[in-house]
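Biologist: I should like to go through this model step by step. Please set out the terms as they arise.

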Amino acid sequence: MTTNTNRTAGNAATRGMFYVHSAPSALCPHIEWALGGVLGTAVSLDWTPQSAQAGTYRAEFSWTGGVGTAAAVASALRGWNHLRFEITEEQTSAAEGSRYSYTPELGIFHAVTGLHGDIMIPEDRLKAAVVKSALGDTTLPIEIDKLLGKPWDDELETFRYAGDGAPVRWLHQVV
């Protein structure tokens, strides 16, 4: 796992994680350039083979930057064919946290996250889901799954597991 620190002047500092779940080798340097462009510093990721899809690679990157960095990275990378990624941004005293997931088939998913990483769904989106369900366009469970990002989680789950030789990140034990 690689770590980068970058603060944007006049913007509250936050941190997050960037996960490239799968990318063909030809995209790897372009991902580093795009990430570096957003962070304002050169980035070099530790790429390891992704065993879930032959010929692709995965990487993790811990970052520190201004609020909105995750959105900027997601915007820079969305629409790239053959790329699967997630990026998280921790909340600050001035802003909620966020999570972005991307797959070529589903596009981009964004959720606001709370202190403990729970997805917080705005009431207008819940009301819209209830209306769609009442009109018979869909069912409420399907709409709630979309609001929680379940289709993205289902597609990315296979890719989230580290491939052979991928670095292992140990979590600190809390007593």
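Modeller: A residue counts as buried under 20% relative accessible area, as exposed over 50%, and as partly exposed in between, using a 1.4 Å probe and protein chains only. This is a predicted model, in which local features need pLDDT of at least 70 and side-chain atom pairs count only at pLDDT 80 or more, while totals for chains, interfaces and linings use all residues. Residues are numbered from 1 along each chain as its sequence is written, and side-chain values use heavy atoms, with hydrogens and water left out.

Biologist: What percentage of the residues in the protein is buried?

Modeller: The protein has 175 residues. By the cut-off just given, the buried share of them is 39%.

Biologist: Which pattern do the helices and strands follow along the sequence?

Modeller: Helices (H or I, at least four residues) and strands (E, at least two) are DSSP runs, numbered from the N terminus. The protein has 5 helices and 8 strands. Read along the sequence, their pattern is β-β-α-β-β-α-β-β-β-β-α-α-α.

Biologist: Among contacts between residues at least 6 apart in sequence, what percentage joins residues at least 24 apart?

Modeller: Contact means heavy atoms within 4.5 Å. Of the contacts in the protein between residues at least 6 apart, the share that joins residues at least 24 apart is 62%.

Biologist: Which elements give two or more residues to the largest nonpolar core?

Modeller: A nonpolar core is a set of buried Ala, Val, Leu, Ile, Met, Phe, Trp, Tyr and Cys residues joined through side-chain atoms within 4.5 Å. The largest one has 22 residues, and those with the most contacts inside it are F18, I31, L35, F61, L83, F85 and I87. Both helices and strands are represented, for the elements giving two or more residues to this core are β2 (13-24), α1 (28-39), β4 (56-66), α2 (69-77), β5 (84-89) and β6 (97-103).

Biologist: Which residues does I31 touch, not counting those up to four places away in sequence?

Modeller: I31 is among the core residues with the most contacts inside the core. Leaving out residues up to four places away in sequence, I31 touches F18, V20, A23, L45, W47, L77, W80 and L83.

Biologist: At what angle do α1 and α2 pack?

Modeller: Axes are lines fitted to C-alpha atoms, for helices over the stretch in contact, and angles run from 0 to 180 degrees between N-to-C directions. The axes of α1 and α2 are 9 Å apart. On this definition, the two helices pack at an angle of about 145°.

Biologist: How many nonpolar, polar and charged residues make the contact of α1 with α2?

Modeller: The contact is made by I31, A34, L35, V38 and L39 of α1 and by T69, A72, V73, A76 and L77 of α2. Ala, Val, Leu, Ile, Met, Phe, Trp, Tyr, Cys and Pro count as nonpolar, Asp, Glu, Lys and Arg as charged, and the others, Gly among them, as polar. By class, the contact therefore has 9 nonpolar, 1 polar and no charged residues.

Biologist: Which residue forms a salt bridge with E155?

Modeller: A salt bridge is a side-chain nitrogen of Lys or Arg within 4 Å of a carboxyl oxygen of Asp or Glu, and the structure holds 13 of them. E155 meets its partner at 3.8 Å, N to O. The pair links helix α5 (residues 150-160) to strand β5 across 71 residues. The partner, buried with a relative accessible area of 9%, is R84.

Biologist: Which residues are joined into one network by salt bridges that share partners?

Modeller: E86 in strand β5 and R99 in strand β6, 13 residues apart, form a salt bridge with their closest N and O atoms 3.7 Å apart. R99 also meets D153 at 2.5 Å, N to O, and because R99 lies in strand β6 and D153 in helix α5, this pair ties together parts that are 54 residues apart in sequence. R99 counts as buried at 14% relative accessibility, whereas D153 counts as partly exposed at 22%. Through shared partners, the network comprises E86, R99, D153, E157 and R160.

Biologist: What is the phi of H82?

Modeller: Most residues other than glycine have a negative phi. H82 is in the loop between α2 and β5 and is exposed, with a relative accessible area of 54%. Although H82 is not a glycine, its phi is positive, at about 70°.

Biologist: What distance separates the C-alpha atoms of A71 and V38?

Modeller: A71 is found in helix α2 and is partly exposed, with a relative accessible area of 27%. A71 and V38 are 33 residues apart along the chain, and their C-alpha atoms are separated by 9.9 Å.
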